[in-house]
Structure formats: structure tokens, C-alpha cells
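Here is a friendly walk through one model, for readers who like to keep the viewer open while they read. Please load the structure and follow along.

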2 protein chains.
Amino acid sequence: MIATENITNTVDAYLAAWNERVPERRRALVAEVFADDATYVDPARTGTGADGIDAMIGAAQDEHPGVELILAGAPDHHNTHVRFSWHLRPAGTDTVALIGHDYASVTPDGRLKDVVGFVEVPEAA
Amino acid sequence: MIATENITNTVDAYLAAWNERVPERRRALVAEVFADDATYVDPARTGTGADGIDAMIGAAQDEHPGVELILAGAPDHHNTHVRFSWHLRPAGTDTVALIGHDYASVTPDGRLKDVVGFVEVPEAA
């Protein structure tokens, strides 16, 4: 069982990595968040290892300028697993353009090992 | 990519297994749903292999008589992953006593391999 504080810090840093568009800073966050042999998969992309995941996030940022991810609710975790949801919005707005639901296994030192992301288009208000 | 129809059938059979209290029928559903080397973990229990998962579900049923699981929304899947949510309610009622969020990897033949369950107590209406 990983401490809630560690999980919260990791998830915060994970979303910060997706939002960090200075490459060196993003790479440092990726190293903090992901296990060296981590994998990531969502409907649009995959990445393997911290380097591969960093490159994947960088490519996603290039495709989607001007957006940011915000944590939606506290992460839920038990044993070595965590799930959390996030909202993608145009930076600085409150418009939810996409909802994400991410699941991951967590290493003993609190990093993410295998991340599976799902996305959902919000219903029109 | 597993066909949506296969995923839907598997998830329906998965919830049917949790609801089936005749042991032989439950065991048949478990064999249909889970890979032979499947694993299951949620905050309260774990099971390994179809036999272990069947015994785990049987024990959970003994602990929680008179309840049933109902799928909440269509399963969401991509690549070899699926997520879905369910409601636990006293059988035959509309009262949502517990909300579950299950994530699983899926084998090429459409069975569940590694299932991770999360549960959430609904907010008071």
C-alpha cells in the first residue's frame, strides 16, 4: 500500500508533466513520475520507458497547443493501483473539452509503471 | 483491438458471474469471462486464476447476500484495455449502495486477464 500523500504528489507531477512545455523541465517531471520501464497507452498514443513517454508527451503537446490538464477529484488508490480523472481545457478557461480517466500500477517508491488512459467527450451542457 | 460486441458480452457475463449464486453456473460464467491465468484485485479481496477468482466471488456472495451488480453505462475500450462501472444495489431495488469502477486488460479471445476494481460510496442524494 502506497501512502496517499505519495500518490497525490505523483499524480500532481504527472499532470504537471503533461502541462510543462519547457522540454528540460518536462523531462525532469517524467523522470520523477514514471518508472524507468513504464508503459503508457491511450486511444491515440503509446510510449515505452521514461524517454519514450517524454517524447510522446512532447508530440502530444505539439499537436494540441494552448490546452492544459486539471485533476478532477482526488486520486483513488488501493494496493499498488491508482485511478484518477482529469479535465482538458483551453488554458486559463473553465471549459471542459475532454474528460480523461487514467489507471496505473504504482511501484513501491510511488512512481507510475503501467498507465492506461481513457478519454470521454463531455455531454453538451 | 477487440470487437465492441465481444467486450460487451464479456462484461455482461462478468457481472452475471458476480450475480450468479448457483455454484456450477457461476463457475461456467467465470470460465467464459476470465483467462485461465487471470488475476483480480479490489480494496477488499484478491483472486488468482479462474478457480481462485470463482472461490473469491463465492466468498463475496456469502458475505453480501441479497445484492446485485448492474452495469452503469457502456464499457469503454481501446487496444487491449477496457473500463466499465457498475452499481451495487439491494436486489430488485433502484437504490445504489456502492459504485464500482473496474479496469481490465483483455486477451485476444476477449476474456479478462487482469482486473482491478475500485469502489466508491455514492454521495447521499
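## A valine, a helix and an interface

A:Val106 counts as buried because its relative accessibility is 7%, and the cut-off for that label is under 20%. Keep in mind that this is a predicted model. To find the residue, look in strand E5 of chain A, which covers residues 98-106.

What does A:Val106 touch, once its neighbours within four places in sequence are set aside? The contacts are A:Ile2, A:Ile7, A:Thr80, A:His81, A:Val82, A:Arg111 and A:Leu112. One of these partners, A:His81, is 25 residues apart from A:Val106 along the chain, with 5.8 Å separating the two C-alpha atoms.

Next comes helix H3 of chain A, residues 49-63. From first C-alpha to last, this 15-residue helix reaches 21 Å, close to the 21 Å expected at 1.5 Å a residue. Its buried residues are A:Gly49, A:Ala50, A:Ile53, A:Asp54, A:Met56, A:Ile57, A:Gly58, A:Ala60 and A:Gln61. The cover over the buried residues of H3(A) includes helix H1 (4-19) and helix H2 (23-33), along with strand E1 (34-41) and strand E2 (46-48), in chain A.

Now turn to where chain A meets chain B. On each side, 17 residues are in contact with the other chain. The two chains bury about 1,300 Å² between them, and 69% of that lies on carbon and sulfur atoms. Which three residues supply more than any others of the area that chain A buries against chain B? They are A:His78, A:Tyr103 and A:Phe118, with 43% of that area.

Polar features are present here too. Two chains, 2 salt bridges: that is the count across the interface of chain A and chain B. A salt bridge joins the side chains of A:Glu120 and B:Arg83, at 3.7 Å from N to O. Residue pairs in polar contact between the chains number 4, with both residues at pLDDT 80 or more.

On the side of chain A that touches chain B, strand E3 (67-78), strand E4 (81-90), E5 and strand E6 (112-120) each give two or more residues. The largest share, 5 residues, comes from E6(A). Sorted by class, the side of chain A that touches chain B looks like this:

| Class | Residues on the side of chain A that touches chain B |
|---|---|
| Nonpolar | 7 residues |
| Polar | 6 residues |
| Charged | 4 residues |

Key:
Residues are numbered from 1 along each chain as its sequence is written. Chains are lettered from A and ligands numbered from 1 in the order in which they are written. This is a predicted model: local features need pLDDT of at least 70, side-chain atom pairs count only at pLDDT 80 or more; totals for chains, interfaces and linings use all residues. Side-chain values use heavy atoms; hydrogens and water are left out. Helices (H or I, at least four residues) and strands (E, at least two) are DSSP runs, numbered from the N terminus. The expected span of a helix is 1.5 Å times one less than its number of residues. Buried means under 20% relative accessible area, exposed over 50%, partly exposed in between (1.4 Å probe, protein chains only). Contact means heavy atoms within 4.5 Å. Buried area is the accessible area (1.4 Å probe) that two parts lose on being put together, summed over both. A salt bridge is a side-chain nitrogen of Lys or Arg within 4 Å of a carboxyl oxygen of Asp or Glu. A polar contact is a pair of N or O atoms within 3.5 Å; within protein, one must be able to donate a hydrogen and the other to accept it, and residues adjacent in sequence count only if both atoms are side-chain atoms. Ala, Val, Leu, Ile, Met, Phe, Trp, Tyr, Cys and Pro count as nonpolar, Asp, Glu, Lys and Arg as charged, and the others, Gly among them, as polar.
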